[in-house]
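Biologist: Could you take me through one part of this model closely, in connected sentences that a first-year student can follow?

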Amino acid sequence: MPSPKAKNSANRSGGGSPGLSGSTNGNGRYEFMSLNRTPPATLFQRPGSDQTAAARLRASESPTRRRGSGSSTSSNTGMPEEDCMRLNPSFIGIALSSLLAIDLWLSKRLGVCACEDSSWGSIRPLMKLIEISGHGIPWLVGTAYCLYKADSAAGQEIMFNLFMALILDLILVGIVKAVVRRRRPSHNHMDMFATFSVDRYSFPSGHATRSTMCARFLLAHLVLAAPLRVLVFLWSGLVGLSRVLLGRHNMTDVLFGFLMGYCQYNLVEMLWVSSLGMQGFLGLIQG
């Protein structure tokens with residue numbers, strides 16, 4: 001039983017209220033502490049912790065901290081900042097992704113001559129014949145032969161500029177394909193006529209650019225009857241369509257090829273070489 005002194009000391013410290021707790025010191029005397037009071041900070045804080053807390057508070061209120069809150073949020077989520085940006089794509093990105101998905105889906109649906117087992121596989125030889133008619137090598141060989149056989153200055157001038165236009169087409173299409181590097185459709189069979197290293201890429205369609213440019217050239221510089229002009233126009237469209245039916249290209253490859261070929265003809269007209277200039281150019285080659 002505690003002595004009366006200990007009882008008096010307890011009454012003076014806590015008043016005997018139920019919200020008190022006590023402990024004995026080394027002298028056997030009770031020392032009470034209120035449970036409702038916050039313990040002194042010095043019992044739980046390490047030396048210098050108040051200065052550290054104040055420094056953290058000042059850093060959190062600084063403008064630099066507020067500007068970097070976005071990066072800190074991404075670091076807290078454990079994801080790189082670029083991945084967080086991909087989760088919030090822009091409207092333009094969503095639109096382009098949707099158009100690309102539609103392009104791939106529609107191109108695959110229209111590839112009905114991609115192989116012999118396709119739904120329209122029976123007309124695949126005809127599509128391949130149209131494909132060859134728009135190839136660059138037959139056009140270069142045929143134009144060079146006509147240039148050699150031409151017996152008039154006007155005919156030589158037209159054939160020479162057509163030959164230079166075909167060379168320009170090959171250069172421009174090769175540059176764009178090497179820059180874009182878009183692979184051909186997955187359902188394509190690489191059995192094309194006379195392919196080169198850059199032909200493993202599909203954007204843009206070289207057949208579409210060439211057929212459009214040559215069609216405009218023929219309609220502008222060769223006197224053709226109305227039925228023949230219609231046939232030239234239809235041939236140009238069929239060459240582009242055959243690229244999709246055979247699974248060689250996507251729709252956007254052909255559409256951009258039509259646009260590019262149309263613009264290439266305007267460039268050919270700007271760079272047109274006259275008969276006198278052609279003779280000087282041929283003289284330099286022969287000399």
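Modeller: **A close look at helix H10**

Lys177 lies in helix H10, which spans residues 153–180, where helices (H or I, at least four residues) are DSSP runs numbered from the N terminus. This is a predicted model, in which local features need pLDDT of at least 70 and side-chain atom pairs count only at pLDDT 80 or more, while totals for chains, interfaces and linings use all residues. Residues are numbered from 1 along each chain as its sequence is written, and side-chain values use heavy atoms, with hydrogens and water left out.

Lys177 counts as buried because its relative accessibility is 4%, buried meaning under 20% relative accessible area, exposed over 50% and partly exposed in between, with a 1.4 Å probe and protein chains only. Apart from neighbours within four places in sequence, Lys177 is in contact with Arg184, Val198, Asp199, Tyr201, Ser202, Phe203, Pro204 and Gly206, contact meaning heavy atoms within 4.5 Å.

Helix H10 also packs with helix H9 (residues 136–149), at an angle of about 160° and with axes 9 Å apart; axes are lines fitted to C-alpha atoms, for helices over the stretch in contact, and angles run from 0 to 180 degrees between N-to-C directions. H9 is therefore roughly antiparallel to H10, a term for angles over 145 degrees. Among the residues that meet are Trp139, Leu140 and Cys146 in H9, and Met159, Phe160 and Leu166 in H10. Cys146 counts as partly exposed, because its relative accessibility is 37%.

Terms used:
Helix = DSSP H or I, 4+ residues; strand = E, 2+ residues; numbered from the N terminus. Parallel < 35°, antiparallel > 145°, perpendicular 65-115°, else oblique.
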